[in-house]
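The following exercises concern the reading of a protein model from its coordinates. Each task is followed by a worked solution.

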Amino acid sequence: MDAPKPETGAGPLSASSIDSDVPEAGGGFPVIQYWAEKTLSPEGVKLWQTLTHKSACLSCAWGTGGQKGGFTNELGEKVQRCMKSVEAIVAELQPGLTPHFFDQYSVAELQRLTSLEADRLGRLSFPVILRAGQSHYERISWDEVFNIAETAFRQPSERVASYSSGRSSNEAAFLLQLMLRAMGSNNLADCSDLCHAPSTVGLKQMFGSGTSMVSLESLKQSDCVVLIGSNAPANHPRLMNELIQIRDRGGKVIVINPVIEVGLVKFASPAYPIKSLLSGGSEISSLYLQPVPGSDTALLVGIQKALIEQNLVQWDYLKAHTEGWEAVVDQARSTSWETITSICGIDRAEIQVAAQMIGTSKAVVFAWAMGITHHSNGTDNVFSIANTALISGNAGKPGAGTMPIRGHSNVQGFGSMGVTVRLRQEIQQALEKLLGRSLSRVQGYDARALMEAADHNRVDMLLCLGGNFYAANPDLHQAKRALGNIDTIFYVATKPNLGHFHGLARQNTLILPVFNRFENPHQTTTESGNSFVRLNDEGKSHLHDADLISEVELLTEIAHRIHGTNPINWRKLQDTRYVRQLIAQTIPGYEAIALMDDTQTEFTIANRVFDQPTFATASGKAAMFTTPLPQLMLPTLQDFGILQTKQAMILILGTGRSYSQHNTVVYKPGDKYRGMPHRNCILMNRSDAAKAGFEEHQRVTVQGDAGKLENVEIIFGGIRAGAAMMFYPEVNVIFKAKIDPKSGTPAYKRVPVAVYADVS
């Protein structure tokens, strides 16, 4: 067997190398066409009513809506909705499942559905249970649901756990963590454990706050954005308007991504019909760098080194406002250019250009998404980004700073409410005062630890408040096996997903239908990725005959049955006004929520947006950390048990979402902006295919360390040589993923795979 070999660098591609079959710009008239199709359909009236409802957008955490109106952001800017928002609402406005749906279809039949097909089944309309040994879900009453829950929650606290997504409200999140902590469990896994936990962990250590230090207002004062590991045109489309504005006022956008995303080269925004949409699109990237996947730390140390060599370091700033800067500067100085360029695959001249753009700009925002966090050194990646911001003096002033781009619309709110295994000490103390006793100090399970614990028979009960815990994890074989070891699982959801059909408990699996955000019978709140808290009005569901419940009512009733009324009257908390009072008492920065019901005034959370270089650390200074350079090795075909054939090669696979996808929910099967016509495709560099003798549209097998996918269609695209991309969550079945030891997040963006064809 050959020894693992290091990766070799390959020159970055130019934007002109994007396949000719894809559009020349992101956004554009396909967005207009989709809006027209949906708003002019028979359901168009209800769609418009929902779009204008005073509630936060269901989609990404960039945030819009609330008390200013559905189309209005926190600055009062209008027409702040995107196709992603419409896709999410249209899915929620589907008809409900028929009363006999689960009688007609067995679990075995439902397991054959794709994510798209599961979502298209319609809205969940009544609670159901799959009992051990049965082939079909069956309808049950809410009384039976609560009886089963009361028994399930009375298991030893260390064997009780929850998993949650950012779909729910702050009020539901607060009640969830309060209920579990009151019974002695800290097992509060969350979807953020699988995405931006490295951002939270890294930024918290450096700045004392794990969130963005940049507000929307501050972003508008920037003259340079460094966008790393993000496909914002697909996942955060309204951010593109801000990038267009930056370019319009003479600013720069540096994009760092192994894949050339057409919308990051040029984007045609419907918000600017004359200057952008009708002109064929606005230029986005001033510089586009395509590093080796997993090498971001090396590239950023290179930028730091170039800033030093070009005398663009803000020395007075470092000395006055940071700690540990000497070691970081020494690392950049002492690391050779040969080491840096051989790891990241970007040549010295291009790194120097990036540094010059950063160092000569007045205010730089460093923004990133899961292309940074989905690595086994994800937290070090975040450290290196923040180090670069600090070396150039770009933290703690208007228009500058670190800005993780969060995914789900309230995922950050869940962390703020205490749904985390890293509970802040001040929140813990406030909860202990509220409950009148000490809380458990036992370390809780994050998402990956929870799956591992279940795989080792250490979990008896799991409550999933939204999300798709099964499909969001790597190694779906393990996920299915592990969830099958849990006695009782409650899935709280608005629509079916693959987890409901594959992530089945040993004894009882329950699917509990709830109101969505714009249907809730009470007001709720959400928090955007820029720490703006919105108030969502109550609403009504179009499912008139459905047997739905609100998440707040569900959680408070379960809590009442297991905790009684001392020291908290849980049923009183079914009125969310009282929940907000408790939030104001216990969650730092949320004091203003106590007045929200009287004033209807939304607010930005205190002590998170830094316009001055005084940070939320004990010293008021930012802490800087050196970042070890990654040792990027590749396995061989023999490591996969594959004999060397003419058509076989090793690639580094990164998982990705399509342009019509939200988390694990798929809205359309293809991705026209990448030229990928269906979900079982692999995006490859044309030169890689030529080396192995592959042709475009050829069908191949892609094998990881946990399984393989067959009949995968090769698509050529603007991806770095040596790298490849396939769609999440389908590809999760083939790999186990390394874990970032500092945050617990899996490395979805660097998965070694063997790609081969049957040449027999």
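**Exercise 1.** Identify the residue that stands opposite Phe 366 in β14, and describe the sheet around this pair.

*Solution.* Step 1: Phe 366 faces Thr 402 of β14. The model is a predicted one, in which local features need pLDDT of at least 70 and side-chain atom pairs count only at pLDDT 80 or more, while totals for chains, interfaces and linings use all residues. Residues are numbered from 1 along each chain as its sequence is written, and side-chain values use heavy atoms, with hydrogens and water left out.

Step 2: Strand β13 (residues 364-368) is joined to β14 by 4 bridges in the parallel sense. Strands here are DSSP runs of E with at least two residues, helices are runs of H or I with at least four, and both are numbered from the N terminus. Two strands count as paired if DSSP finds at least two bridges between them.

Step 3: The open sheet has 5 strands in the order β11-β8-β7-β13-β14, and their pairing is parallel. Its edges are β11 (287-289) and β14 (401-404), each of which pairs on one side only. From one strand to the next the twist averages 15°.

Step 4: Helix α12 (residues 239-248) packs on this sheet and touches β7 (224-228), β8 (252-256) and β14; the direction of α12 makes about 130° with that of β8. Axes are lines fitted to C-alpha atoms, for helices over the stretch in contact, and angles between N-to-C directions run from 0 to 180 degrees. Contact means heavy atoms within 4.5 Å.

**Exercise 2.** Explain why strand β17 is described as largely enclosed by the rest of the structure.

*Solution.* Step 1: In β17 (residues 508-513), 6 of the 6 residues are buried, so the strand is largely enclosed. Buried means under 20% relative accessible area, exposed over 50%, and partly exposed in between (1.4 Å probe, protein chains only).

Step 2: Asn 508, Leu 510 and Leu 512 point one way from β17, whereas Thr 509, Ile 511 and Pro 513 point the other way.

Step 3: Strand β3 (residues 128-131) pairs with β17 in the antiparallel sense over 4 bridges, with Val 128 opposite Ile 511. Strand β16 (residues 488-493) runs parallel to β17 and is joined to it by 6 bridges; Phe 490 has Leu 510 as its bridge partner.

**Exercise 3.** Determine whether Gly 418 is buried or exposed, and characterise its surroundings.

*Solution.* Step 1: Gly 418 lies in the loop between α22 and α23. Its relative accessibility is 0%, so Gly 418 counts as buried.

Step 2: Beyond its neighbours within four places in sequence, Gly 418 contacts Gln 177, Arg 181, Leu 188 and Leu 423. The C-alpha atoms of Gly 418 and Thr 586 are 9.7 Å apart, although 168 residues separate the two along the chain.

Step 3: The buried residues of α23 (residues 425-435) include Ile 427, Ala 430 and Leu 431. The buried residues of this helix pack against α8 (170-182), α22 (411-416) and α29 (576-586). After α23 comes Gly 436, with a positive phi near 75°.

**Exercise 4.** State which stretch has pLDDT under 50, and place it against the chain as a whole.

*Solution.* Step 1: The stretch is residues 1-17, for which the model has 40 contacts beyond four places in sequence. Where pLDDT is low, predicted coordinates should not be read in detail.

Step 2: The chain has a mean pLDDT of 94, and 97% of its residues reach 70 or more; pLDDT is the predictor's confidence in each residue, from 0 to 100.
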